[in-house]
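Q: Please take a close look at one short helix in this model and describe the residues in it. After that, set it against the rest of the chain.

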Amino acid sequence: MKPIVVRKSKGLQGTITVPGDKSITHRAIILGALARGTTVVKGYLPSEDCLHTASAFRSMGIPIEEGKKAGDPLRIEGKGLRGLSEPSAVLDLGNSGTALRLLTGVLAGRDFFSVVTGDESLRRRPMRRVVVPLRQMGAEIHGRQDGDRAPLAVCGRRLKGIAYALPAASAQVKSALLLAGLLADGRTVLTEPFPSRDHTERIFRGMGIPLEIKGAELSFDPPSEFSGREILVPGDFSSAAFFITAATIVKNSELTIRNVGVNPTRTGLLELLAEMGADIRLENRREFNQEPVADLVVRSRPLKGLRVRPESVPKTIDEFPILCVAAAVAEGETVIRGAEELRVKESDRIRTITLELLKMGADIEELPDGLLIRGGRKLSGARCAGHGDHRIAMALAVAGLAADGETTVEGSQWIATSFPGFEQLLQSVAQ
Ligand code: S3P
């Protein structure tokens, strides 16, 4: 695939929309498959990660039909909570950690055997975080390094609800346990040290599954059944983040991004950029099935560095690569700590963003659990690598808009895991 080539921009202008939310699309497919009857998912994200989730459910006997043309909804014919059938082949979830971890939760309580796996990067990522609590629920799961690495073989067992305190905030772990809890005997009770994204909780409620939330504690009793329905997916905040940051750091920009999901458990970047001096207005606030949505109007502003507080980490988790780009052009120092999770994402993001921004002339240093960026250095175009990580590749393309000369980003094919059409959209608004 051809690398992305970006030149210094004179300003981003226009009104755009970004593709549907990846986290919500995964959950809509999963809940639609477990519901009884038809679920229609409008605005879903047709990216590789989400299509892997859909094909896994097709392999378990659930009819899922994609629209004939772009923008058409996804139709899922759910067969009820116990309606999945044993897949006759290994379920390959590609590059998607969310798909693999959530599916492990779905599969643990079935009356059949299944194997989940993924690409080389996914097979290197830690799975014990879901396997350990699922085993406490009674699951039998085998894998390399005592179940810490995929492929994972899941021998379906009868599960029991447990009370579990997550050692670290993680929406993937929380969601895997909630999905396993749907088939467990008794109540599932979960607590997290900081709130992680709550799309699973919102979609449970939207599907009519009662869930109790008291402070940091989440609990529910398994329902007997629930019915399919229409789900409208907002634009992905994590995709909008690249355009929000680009319009903030490239002088003479004014960009409107419509229909963006602004769930407060996701929008840490908005708070951090505002603290750095950005001008981002939220207009036309509304809801798409329990999820807050707004249009964002972004104007360029000079930024200053900041210290990221630990409670901001979970709600900013996927935005650190692009925050590093903002910090590199800001005046002063930015310190990110308590973000060791970044080392086990699609790449070791602490290392890969440091390596690549150094090539562009940034003053950036790795810390064991974060980054130290001394901003204000002039960035210059370079030949950069995407390290098989969609968000690293997109962050570097945005850095290229603010850098002198030409920036080339190799590995652009990975962007299709979350943001098909990114390059064309960026070229259409950047002059
Ligand atoms: C996701 C949760 C986050 C995030 C990932 C998507 C989800 O991971 O990084 O891109 O959809 O639940 P963790 O829960 O591991 O932090």
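A: Gln-145 is partly exposed, because its relative accessible area is 48% and partly exposed covers values between under 20% and over 50%. This is a predicted model, and what follows is read from its atoms. Gln-145 belongs to helix H5, which runs over residues 144-147. The backbone of Gln-145 has a positive phi of about 50 degrees, although Gln-145 is not a glycine.

Asp-146 also has its place in helix H5. Its phi is positive too, near 55 degrees, and Asp-146 is likewise a residue other than glycine. For Asp-146 the relative accessibility is 52%. Asp-146 therefore counts as exposed, since the cut-off for that class is over 50%.

Further along the sequence comes a peptide bond to note. Ala-150 and Pro-151 are joined by a cis peptide bond, with omega at about 5 degrees. Pro-151 is part of strand E9, which covers residues 149-155.

Glu-120 can be set beside these residues. Glu-120 sits in the loop that links strand E7 (113-117) to helix H4 (128-136). With a relative accessibility of 55%, Glu-120 counts as exposed. Between Glu-120 and Val-308 there are 188 positions in sequence, and their C-alpha atoms are 32 Å apart in space.

Thr-352 gives a contrasting case. Thr-352 is a residue of helix H12, which spans residues 349-359. Its relative accessibility is 6%, so Thr-352 counts as buried. Once neighbours within four places in sequence are left aside, the contacts of Thr-352 are Ser-347, His-387 and Ile-392. Glu-366 is 14 residues from Thr-352 in sequence, and the C-alpha to C-alpha distance of this pair is 9.7 Å.

Next comes a pair of helices. Two packed helices are described by the angle between their axes and the distance between the axes. For helix H8 (residues 237-249) and helix H9 (residues 268-276), the axes come within 10 Å and cross at roughly 20 degrees. H8 is therefore roughly parallel to H9, because angles under 35 degrees fall in that class. The crossing of H8 and H9 is right-handed. On the H8 side, the residues that meet H9 are Phe-237, Ala-241, Ile-244 and Thr-245. On the H9 side, the residues are Leu-269, Leu-270 and Leu-273. Sorted by class, this contact of H8 with H9 has six nonpolar residues, one polar residue and no charged ones.

Last, the chain as a whole. The protein chain holds 14 helices and 23 strands. Its radius of gyration is 21 Å, close to the 22 Å given by the globule rule for 431 residues, so the chain is as compact as a globular protein of that length. The C-alpha trace spans about 60 × 45 × 40 Å along its principal axes. Of the 431 residues, 61% count as buried; Thr-352 is one residue that counts as buried, while Asp-146 counts as exposed. Among contacts in the chain with a separation of 6 or more, 76% are between residues 24 or more positions apart.

Conventions
Residues are numbered from 1 along each chain as its sequence is written. This is a predicted model: local features need pLDDT of at least 70, side-chain atom pairs count only at pLDDT 80 or more; totals for chains, interfaces and linings use all residues. Side-chain values use heavy atoms; hydrogens and water are left out. Axes are lines fitted to C-alpha atoms, for helices over the stretch in contact, and angles run from 0 to 180 degrees between N-to-C directions. Helices (H or I, at least four residues) and strands (E, at least two) are DSSP runs, numbered from the N terminus. Angles under 35 degrees count as roughly parallel, over 145 as roughly antiparallel, 65 to 115 as roughly perpendicular and the rest as oblique. A crossing is left-handed if the near helix is turned anticlockwise from the far one by less than a right angle, and right-handed if clockwise. Contact means heavy atoms within 4.5 Å. Ala, Val, Leu, Ile, Met, Phe, Trp, Tyr, Cys and Pro count as nonpolar, Asp, Glu, Lys and Arg as charged, and the others, Gly among them, as polar. The radius of gyration is taken over C-alpha atoms; the globule rule is 2.2 Å times the number of residues to the power 0.38. Buried means under 20% relative accessible area, exposed over 50%, partly exposed in between (1.4 Å probe, protein chains only).
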